[in-house]
Amino acid sequence: PTDLRAPELPPTTLAARAAAVLRDNDTGTLVTASPKLYPHMWSWDAAFIAIGLAHLDVNRALTELDTLLSAQWSDGMIPHIVFTDATSYFPGPDRWGTDSVPQRPPHVRTSGICQPPVHAIALRRIVDIARHVSRDDVELAETFAARTWPALYRWHRWLARHRMSESCGLITIVHGWESGMDNSPRWDAPYAHVQPGPDLPPYVRLDLLGVDDPNERPSDAEYDRYLWLIEQLRRADYDPEVVPKTLDFRVGDVFTTALFAIACDDLVELAHELSLDAPDEVAELRTWAAHAREAVAHSADPDTGLAFDKDLRNGDTTRTTTVAAFSPLLCSALPEHLEHRLLTHLTGPAWAGHPKFHAAVAPSVSPTEPGFDARRYWRGPQWPVLVWLFSFAFQRRGWTGLARNWREQGLRLVADGSFGEYYEPFTGEPLGSTQQSWTAAVTLDWLC
Ligand code: 9YW
């Protein structure tokens, strides 16, 4: 039904609206993830937001990354939320209990877990955008990149040291939120081990106030588990040595690992482009990228190329197929024939090419999978930011026709100008939050 969506806007209007979203959500030094639902800075959102901002003002884009990096913990971790003073989001800094953690920089309140490492990808993209703007912007971006490269290297080193699983080589996540795909069916089996204790402190959910329909959000039972893991993290004092060995949720994440591989590549490329003198660090980054790719390749089914996460508590391969199973395509982990098969599957009728979809891009879960739910968060809807990641990866691979096609279809999804957090795949109805910053940001990158 067409009344679920506003009519399509022409590109110039769409770009102007996207720019307005970023401006409206801008607090000065950070753009909140969305005005109502997420009034703080999220780590991987900030990376995409910075790319969008670069099309408006390169200097402002760099400030965004600077704000995030100034919240980096002394051990190298970039926290998944940098809190503003807003009190309308739960769990806030008090619930995370990170104020007493010595690794946290004292001037800022943060959560105590991380999100996918897309920041180096963003930085390289911003340097590239600046090259098309002006000499002054190139100078600014390159100087910034040279100054912050060591911080990004330390972030990658933290992941390599503390999170590269010794058994399977995948990057370990200790909370579904670390994957960025909070309640994806990928995590249903691992979450089944998470049994909230009777001493889980009581809480009131605030996320349901920001959406029209609670069925678009995770359930209460899911939320209890999320909160229980925070309790376990607190009790482990957020010690990066202890956490990945003791938490009830420990999963090798193929998607995060694939992104880590290409982000390591980007740091290496930046070091070359900027003539940085860091031969040892560059050698390490190359090794991490190679190990990450190998781990993604290992996690792939030899017949289909679909890659699966590993539950590190029991060694089980989680056989749930979601969009993350196509991660090998992001980092070119597979031999050509298998990659071709995987790509054909992704673009075919079960996924992006579903004949009933409003826009021909991958959903978070295919309608052919048992866990599919067209309206619920990471269980079916289409997420523009994922479309951006895949189209960007395709472009890099030199698959320009395919990249263009995904960009066009991504634009079809967001052309109503509401900048939804995610979209119902059959109708294209925007769901969750509106005026979502990263949706506006990827729109700008597609249009500019
Ligand atoms: C939450 C901000 C974040 C994203 C995540 C997404 C959602 C936050 O929103 O999580 O409280 O549930 O799952 O990827 O960074 O946009």
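The ligand in this predicted model is surrounded by 15 residues, the closest being Asp45, Tyr89, Gly180, Asp182 and Trp378; a residue counts as near if one of its heavy atoms lies within 4 Å of the ligand. This shell consists of eight nonpolar, three polar and four charged residues. In this grouping, Ala, Val, Leu, Ile, Met, Phe, Trp, Tyr, Cys and Pro are nonpolar, Asp, Glu, Lys and Arg are charged, and the others, Gly among them, are polar.

Polar contacts, taken as pairs of N or O atoms within 3.5 Å, link the ligand to several side chains. An N or O atom in the side chain of Gln115 is 3.0 Å from an oxygen atom of the ligand. For the side chain of Arg217 the corresponding distance is 3.4 Å, and for a polar side-chain atom of Gln436 it is 2.9 Å. Of the 390 Å² of accessible area that the ligand has on its own, the protein covers 98% (Shrake-Rupley method, 1.4 Å probe).

The protein contains 16 helices and eight strands, assigned as DSSP runs (helices H or I, at least four residues; strands E, at least two) and numbered from the N terminus. Its radius of gyration is 20 Å, which agrees with the value near 22 Å for a compact globule of 448 residues; the radius is taken over C-alpha atoms, and the globule rule is 2.2 Å times the number of residues to the power 0.38.

Two loops show local backbone features. The peptide bond from Phe90 to Pro91 is cis, with omega near 0°, and Pro91 is found in the loop between β2 (81-82) and α4 (93-96). Ser275, in the loop between α10 (254-273) and α11 (279-298), has a positive phi of about 50° although it is not a glycine.

Residues are numbered from 1 along each chain as its sequence is written, and side-chain values use heavy atoms, without hydrogens and water. Local features need pLDDT of at least 70 and side-chain atom pairs pLDDT 80 or more, whereas totals for chains, interfaces and linings use all residues.

How values were computed. Polar contact = N/O pair within 3.5 Å; in protein donor to acceptor, adjacent residues only side chain to side chain.
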